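Reader: I should like to go through this model with you. Could we begin with the overall picture and then turn to the packing?

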Amino acid sequence: MQSALTFFYNLTVGAGIANYGLAIILLTIAIKLVLYPLTVKQVKSMKAMQDIQPKMKELQEKYKGNPEKLNKELASLYKEAGVNPLAGCLPLLVQMPFLIAIFFAIRDYQYAQQPPSFLWMKDLAQPDPTYILPVLSAVTTYIQQKQTTSEMTQQAKMMMIFMPLFIGYISLTFPGGLVLYWVVSNIFQIAQQWFMYRNTPVVGREEAR
């Protein structure tokens with residue numbers, strides 16, 4: 001991943017706009033494009049599960065005193081709808097090594113250009129002193145969560161608040177280059193999910209409204 005970041009930085013050098021921030025953005029987009037097929041599978045699986053949520057609730061209410069019967073009915077519902085409740089996990093697991101690798105690659109990257117400035121940031125190796133990137137990391141995390149949350153249960157509402165605040169908090173101490181990666185990745189993911197969701201309303205989300 002560090003070699004890939006160097007490659008994209010060299011591209012910016014060749015274009016006459018040498019900039020590590022731009023290199024990180026290009027690397028992030030490249031990774032998201034490579035993982036796009038997995039993202040599609042994951043989102044489709046999530047949408048399918050959300051679409052059958054009303055029927056699942058009916059079955060859970062109907063057979064709440066009979067777990068064995070409930071499991072059989074749920075299995076029949078999954079089969080009828082062509083849904084695998086675990087299908088959304090595998091794409092996520094496959095993506096994890098990439099996410100972990102890019103995290104450490106950018107965090108520990110040895111910038112040849114010192115300091116590696118980008119827009120308002122004078123040094124991407126240091127935390128953002130203006131707090132703009134940490135705020136953007138929290139906001140984009142919230143939007144991404146909201147896109148994929150079908151049921152606004154009490155637990156879901158807590159996570160909708162806790163996760164963005166947690167990401168924003170830890171971003172205060174992370175290198176600006178790493179937080180830039182997170183923000184760009186979130187924005188790209190939001191755009192991907194919007195594109196995939198735009199013509200297919202999610203039943204659970206509409207009911208929650």
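Author: This is a predicted model. Of the 209 residues in the chain, 40% are buried.

Reader: How many helices and strands are there in the chain?

Author: The chain has ten helices and zero strands. Read from the N terminus, its elements therefore run α-α-α-α-α-α-α-α-α-α, with helices and strands taken as DSSP runs.

Reader: And the surface: what share of the exposed area do carbon and sulfur atoms supply?

Author: Carbon and sulfur atoms supply 65% of the exposed area, which is about 12,200 Å² for the chain.

Reader: What percentage of the contacts with a separation of 6 or more comes from residues 24 or more positions apart?

Author: Such residue pairs account for 72% of those contacts in the chain.

Reader: Let us take a single helix. Which residues of α4 are buried?

Author: In helix α4, which spans residues 53-62, the buried residues are Gln53, Met56 and Leu59. Viewed down the axis of α4, they fall within an arc of 120°, so they line one face of the helix.

Reader: Which exposed residues does the face turned away from the buried side carry?

Author: That face of α4 carries Glu58, Glu61 and Lys62, which are exposed.

Reader: What covers the buried residues of α4?

Author: The cover includes α3 (36-51) and α5 (67-81).

Reader: Turning to α3, how does it pack with α9?

Author: The axes of α3 and helix α9 (residues 176-197) are 11 Å apart, and the two helices pack at an angle of about 55°. That angle makes α3 oblique to α9. The crossing of α3 past α9 is right-handed.

Reader: Which residues meet there?

Author: From α3, Tyr36, Thr39, Val40, Val43, Lys47 and Gln50 take part. They meet Gln189, Gln192, Gln193, Phe195, Met196 and Tyr197 in α9.

Reader: What are the angle and the axis distance for α2 and α9?

Author: Helix α2 (residues 20-34) packs with α9 at an angle of about 40°, and their axes lie 9 Å apart. The two helices are therefore oblique to each other. Here α2 passes α9 in a right-handed crossing.

Reader: Which residues of α2 and α9 meet?

Author: On the α2 side they are Gly21, Ile24, Ile25, Thr28, Ile29, Lys32 and Leu33. Their partners in α9 are Gly177, Leu180, Tyr181, Val184, Ser185, Phe188, Gln189 and Gln192.

Reader: Which residues of α9 appear in both lists?

Author: Gln189 and Gln192 of α9 meet residues of α3, and Gln189 and Gln192 also meet residues of α2.

Note on methods. Residues are numbered from 1 along each chain as its sequence is written. This is a predicted model: local features need pLDDT of at least 70, side-chain atom pairs count only at pLDDT 80 or more; totals for chains, interfaces and linings use all residues. Side-chain values use heavy atoms; hydrogens and water are left out. Helices (H or I, at least four residues) and strands (E, at least two) are DSSP runs, numbered from the N terminus. Buried means under 20% relative accessible area, exposed over 50%, partly exposed in between (1.4 Å probe, protein chains only). Contact means heavy atoms within 4.5 Å. Accessible areas come from the Shrake-Rupley method with a 1.4 Å probe; for residues, only the protein chains shown count as cover. The arc is that of the directions from the helix axis to the C-beta atoms. Axes are lines fitted to C-alpha atoms, for helices over the stretch in contact, and angles run from 0 to 180 degrees between N-to-C directions. Angles under 35 degrees count as roughly parallel, over 145 as roughly antiparallel, 65 to 115 as roughly perpendicular and the rest as oblique. A crossing is left-handed if the near helix is turned anticlockwise from the far one by less than a right angle, and right-handed if clockwise.
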